Amino acid sequence: MMLLDHEFSPRQSARLRGERLTLAYDGRTVCDGLSVAIPDGCFTAIIGPNGCGKSTLLRSLCRLLRPQAGQVWLDGQAIHQLPTREVATKLGLLPQAAQAPAGILVADLVARGRYPHHSLFRQWSHEDALAVKQAMAATGVTELADREVDQLSGGQRQRVWIALVLAQQTPWLLLDEPTTFLDIAHQIELLELFCTLNRQGGRTLVAVLHDLNQACRYADHLIVMANGQILAEGAPHTLMSAELVAEVFGLECIIIDDPVSHTPLIIPRRHSLSAELAPLNGPKTRGA
């Protein structure tokens with residue numbers, strides 16, 4: 001199956017795109033001949049089963065991973081030929097399992113998001129301080145400013161890293177599983193923030209997400225991957241179907257209209273494994 005929404009199909013005019021990419025790590029080819037264009041001004045969610053190449057693709061788009069073949073283009077230039085500082089002023093990245101220096105304070109780590117904007121002739125400024133303050137407030141970590149990062153919970157650390165990316169104030173935000181470690185309230189809070197940055201702030205967002213319902217509710221463009229290839233892409237309301245979910249995830253489901261957001265809401269059917277395990281639970285007794 002290959003479903004492409006023509007409104008968002010890959011095209012030469014996309015400011016961030018990859019062409020015929022062959023991507024590999026640890027000696028294993030993950031993607032071969034993959035082409036993708038990130039729609040400007042959209043919130044794009046990359047979805048797919050574990051190991052299908054979602055994070056690998058994201059890493060290549062921000063030049064953390066050099067393609068073995070093909071090229072990633074940023075504003076018409078090969079991204080690996082651009083100066084690191086220039087890329088860092090355009091692309092903000094939240095990687096998986098980011099590691100902070102031992103003993104660093106929250107405020108100091110978030111402030112590192114401003115480094116790409118500094119030079120020999122431009123040091124720390126009021127603009128930098130304001131960017132850090134706003135990023136910490138938006139992610140709810142202001143009260144943690146004087147805490148050491150390695151003393152925080154997993155969810156708190158994740159919000160601090162997101163604050164760093166926001167402080168960078170780049171036109172693109174690339175987020176690899178941004179809701180990892182977060183409870184449901186903070187997940188929704190951050191996804192709402194990302195929508196605001198996109199729809200009111202004009203930033204282009206690309207996020208690897210595992211929750212299909214969150215992807216459908218908050219993103220306006222989906223890239224569906226399987227086996228290292230893009231199987232389908234387009235707007236959630238035109239793309240998402242029970243047949244697609246079954247093909248990509250092996251999950252039988254029905255799809256209804258979300259009563260709040262009016263986006264596709266995926267309701268899993270009873271998994272066949274439940275029936276297979278039923279005999280192991282023994283016969284039910286009356287009143288049990």
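Gln169 is partly exposed, with a relative accessible area of 33%. This residue of the predicted model is a friendly place to begin, and a second residue makes a useful partner for it.

**Two residues in loops**

Gln169 sits in the loop between helix 5 and strand 8 (172-176). Its phi is positive, about 55°, although Gln169 is not a glycine. Now look along the chain to Glu177, in the loop between strand 8 and helix 6. Glu177 is not a glycine, yet it has a positive phi of about 55°. Is Glu177 buried or exposed? Buried means under 20% relative accessible area, and Glu177 has 17%, so it counts as buried. Gln169, at 33%, lies between the 20% and 50% limits, so it counts as partly exposed.

**The whole protein**

Let us step back. The protein has 288 residues, and 48% of them count as buried. Its secondary structure comes to 10 helices and 13 strands. If you take the contacts with a separation of 6 or more, 64% of them are between residues 24 or more positions apart. The surface that the protein exposes is about 14500 Å², and carbon and sulfur atoms supply 52% of that area.

**The nonpolar cores**

In soluble globular proteins, nonpolar side chains tend to be buried together. Which residues touch the most other members of the largest nonpolar core? They are Phe43, Val106, Val110, Phe194 and Leu222, in a core of 53 residues. Helix 5 (residues 154-168) gives this core its largest share, 8 residues. There is also a second, separate core of 28 residues, and Cys52, Leu65, Leu174 and Ile223 are among its members.

Phe43 is worth finding on your screen. Leaving aside neighbours within four places in sequence, its contacts include Leu191, Phe194, Cys195 and Asn198. Among its other partners are Tyr218, Ala219, Asp220 and His221.

**How helix 5 packs**

Two packed helices are described by the angle between their axes and the distance between the axes. Here are two pairs that involve helix 5.

| Helix pair | Angle between axes | Distance between axes |
|---|---|---|
| Helix 4 (residues 126-138) and helix 5 | about 140° | 8 Å |
| Helix 5 and helix 6 (residues 184-199) | about 5° | 12 Å |

What do these angles tell us? Angles under 35 degrees count as roughly parallel, so at about 5° helix 5 is roughly parallel to helix 6. In this pair, helix 5 makes the contact through Arg159, Ile162 and Leu166, while helix 6 uses His186, Leu190, Leu193, Phe194 and Leu197. You have met Phe194 before, as a residue of the largest nonpolar core.

The angle of about 140° fits neither the roughly parallel, the roughly antiparallel nor the roughly perpendicular range, so helix 4 and helix 5 are oblique to each other. Their crossing is right-handed. On the helix 4 side, Ala131, Val132, Ala135, Met136 and Ala138 make the contact, and on the helix 5 side Ala163, Leu166 and Ala167 do.

**A covered helix**

Finally, visit helix 1 (residues 54-61). How many of its 8 residues are buried? The count is 7, which leaves helix 1 mostly covered. The buried residues are Lys54, Ser55, Thr56, Leu57, Leu58, Ser60 and Leu61. Helix 1 is followed by Arg63, which has a positive phi near 65°.

How values were computed: Residues numbered from 1 in each chain as written. Predicted model: local features only at pLDDT ≥ 70, side-chain atom pairs only at ≥ 80, totals over all residues. Heavy atoms only, no water. Core = buried A, V, L, I, M, F, W, Y, C linked by side-chain atoms within 4.5 Å. Buried < 20%, exposed > 50% of the residue type's maximum accessible area, 1.4 Å probe, protein only. Helix = DSSP H or I, 4+ residues; strand = E, 2+ residues; numbered from the N terminus. Contact = heavy atoms within 4.5 Å. Areas by Shrake-Rupley, 256 points an atom, 1.4 Å probe, with all protein chains shown as cover. Axes fitted to C-alpha atoms, helices over the stretch in contact; angles between N-to-C directions. Parallel < 35°, antiparallel > 145°, perpendicular 65-115°, else oblique. Left-handed = near helix turned anticlockwise from the far one by under 90°.
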